[in-house]
Every structure is written in structure tokens, then in C-alpha cells.
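Me: I'm new to this one, so could you walk me through it, starting with the ligand?

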Amino acid sequence: MKITDMFSNKTKTILSFEVFPPKKNSPIDSVYSKLEEICGLKPDFISVTYGAGGSGERSRTCEIASKIKNDFGVESVAHLTCVNSTKADIDARLVEFKEHGIENIFALRGDYIDGAEPQKNFIYASDLCAYIRTKGDFDLSGACYPEVHSEAADEVEDVLNLKKKVEAGAEHLISQLFFDNSLFYRFIERTKIAGINVPIEAGIMPVTNKNQIEQMVSMCGASLPAKFSKIMQKYGSKPEALRDAGIAYAVEQIVDLIANGVDGIHLYTMNNPYVARKITEAVSRLL
Ligand code: FAD
């Protein structure tokens, strides 16, 4: 099923998950039991990230997305980045997706790889969206940034660029993770002013260990509200307490987002069935 149809026919808030394929030196089936458990929670769809590594690692996105859809019965979305790819690379991926029955693509620019010369075929995710549009009937989604993408000059420029991505074919957006809902609500206002009318899901990352928070914040630059930092300070050296507090924080964010009419919640599961289950159980009656 196409994600756009899911949003058009929805009678409740959409709940989706994100998972990642194992690294190429781990066997691919090392994640299958976790994925089966995560799929058993019956989210509306699951998206599968696309690594920056070589083609072997990148094929894993398709393999995992296919497993989720064709064996575990949950609709899947395959992420695809373009900045380090030739047109032939992208064509090969699209053929692979088609062969596995994958209809939904999360079209991304991706990050530049240190020391590697970027390919010149696709400069922005909007270029990838426009290209895929000419290549068949895929449903396209794109990324958005409540706290503004790190390379954009300001929030106005960023939202106008986001509009170009929607005009190029992204029919649904998923946000970068954030810990302060008010930043997301301000971002939604900017998208409305800019005339962006596609569904926007809020990306929620349950922080369940201290390394994860430091790593994620340095990578995506999310700001940390004082309330959140206090929790990290208090429970930082108690792993189980920190995990419970991280789940509680994410649930509180989700409840507030649903009450404020968010189109969907996209949970970064980090391939952790326990955390995905706790959060799904806490919010499923509220969606
Ligand atoms: P773009 O939309 O191209 O934006 C990049 C920058 O260019 C922005 O500053 C934007 O304002 C500007 N811009 C965009 N279009 C134009 C234009 N037409 N003219 C001028 N400027 C423009 N990375 C991975 O490698 N694999 C993944 O699986 C992955 N999944 C992700 C999932 C989510 C939900 C999110 C939020 C991010 C994900 N990323 C992933 C990270 C992403 O690749 C990086 O954030 C990357 O830096 C930007 O990708 P983008 O598609 O948002 O880029």
C-alpha cells in the first residue's frame, strides 16, 4: 500500500517505525528476530535506513524492507540517498525495489562522505524526487528539520527549499528527531505559511542510554530542553532507570503531539523491540 493512501484514508494518527540494516560484517539474519518482534506491534509502516557504505551494505535496505513487507506483513518504506550515487546506481536500486514489490521510497540527499568527491547528478533530495518520478509509480517521502537543516542559512530558506522538495514529488514528510515539541509546532506553522500541505510526521527518538544521546545530538544538533538534561543527569549512571525515563519522556512528547493534532508519529526504534513495545502499548489507545 502506498503511504499517501494511508494518510488519505486514515481514521487515526499514523504510527510508523524506523529500523536500520545490520552492518555488512554482521549476518543479515542477525536482526530478523528483532524485526519480527517489532513488526508484531503492527505499526502502520516501517522505514528502513540506507547506509553510507558500499553497494553490499546498501542492498541490505532492500532486503530488510522486502522481509518486513513480504514475510512479516507490515508495509515498508526503503530509504535511498543520492549525493554519492550515479544515475546508474539509482536506476539499479529502483529496479531492485520494483522486483521486491517495494512501492514506497524515502528520498534523501544524504550526507557528504569525508574525502569522497560527491557525484554531480543529484545535488538535493528534490533532484532525486524529480528523477524517481520519471522512473515509475513509486510513492515518495522526504525529510524535514524542525530545528532547521545544518547547512541552511535560516529557517525561511530551509522551509522554501522544503517546498521545492514537495513540488518535486515528496508526498509526505518525516521530521528529524527533536526533544522540545514547541519547536515542532513552530516549524509546522512555517510550513503552513509556505503553503506546504502534505502530511508531516513527528520523529521521536526514545533516548535509552547515555552514549546514544551524546552521539545523536552531535550528529543532528537537536537542542536539549532543561527538563530533558535534568533526567540525563539524574539517571545517567543507572542504565535501567535511564531507559525507563527515556521511554516516559518519549511517551509524554507523543501524547502532547497527538493532542495537538499531529499527522503521524515516526518512532526511531534503534532496532530495540522492548522500547518499541513499551511505547506502542502506552500510546496505542490514544492514536
Ligand atoms: P535536502 O532536502 O536536499 O536538503 C539539504 C540542504 O540543502 C538543506 O540545507 C536544504 O535547505 C538545502 N536545499 C534543499 N533543496 C534545495 C534546493 N532545491 N535549492 C537550494 N538548497 C536546497 N541519511 C542517510 O544517509 N541514510 C538514511 O537512511 C537517512 N534517513 C534519514 C531519515 C530522516 C527522517 C531524516 C530527518 C534524515 C535522514 N538522513 C539519512 C540524514 C540526511 O541524509 C541528512 O540530514 C542530509 O544532510 C540531508 O538530506 P535531505 O534529504 O534532507 O537533503
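**Around the ligand**

Reply: Sure, and keep in mind that this is a predicted model. To begin, an oxygen atom of the ligand lies 3.4 Å from a backbone N or O atom of alanine 152.

Me: How far is an oxygen atom of the ligand from an N or O atom in the side chain of aspartate 158?
Reply: Aspartate 158 is listed among the closest residues to the ligand, along with Arg109, Asp111, Tyr145 and Lys165. A polar contact needs N or O atoms within 3.5 Å. For the side chain of aspartate 158, the distance to a ligand oxygen is 2.7 Å.

Me: And what is that distance for the side chain of asparagine 161?
Reply: Here too the pair joins an oxygen atom of the ligand and a side-chain N or O atom, this time of asparagine 161. The distance is 2.9 Å. As for cover, the ligand has 980 Å² of accessible area on its own, and the share covered by the protein is 86%.

Me: Which element gives the largest share of the shell around the ligand?
Reply: The shell holds 25 residues: 10 nonpolar, 9 polar and 6 charged. At least two residues each come from β3, β4, α5, α6 and β6. The largest share is 4 residues, and they come from α6.

Me: Is threonine 81 buried or exposed?
Reply: Threonine 81 sits in strand β3, which spans residues 75-81. Its contacts farther along the sequence include Tyr50, Ile90 and Leu128. Buried means under 20% relative accessible area. Threonine 81 has a relative accessibility of 11%, so it counts as buried.

Notes:
Residues are numbered from 1 along each chain as its sequence is written. This is a predicted model: local features need pLDDT of at least 70, side-chain atom pairs count only at pLDDT 80 or more; totals for chains, interfaces and linings use all residues. Side-chain values use heavy atoms; hydrogens and water are left out. Buried means under 20% relative accessible area, exposed over 50%, partly exposed in between (1.4 Å probe, protein chains only). Contact means heavy atoms within 4.5 Å. A residue is near a molecule or strand if one of its heavy atoms lies within 4 Å of it. A polar contact is a pair of N or O atoms within 3.5 Å; within protein, one must be able to donate a hydrogen and the other to accept it, and residues adjacent in sequence count only if both atoms are side-chain atoms. Accessible areas come from the Shrake-Rupley method with a 1.4 Å probe; for residues, only the protein chains shown count as cover. Ala, Val, Leu, Ile, Met, Phe, Trp, Tyr, Cys and Pro count as nonpolar, Asp, Glu, Lys and Arg as charged, and the others, Gly among them, as polar. Lists of a residue's contacts leave out its neighbours within four places in sequence.
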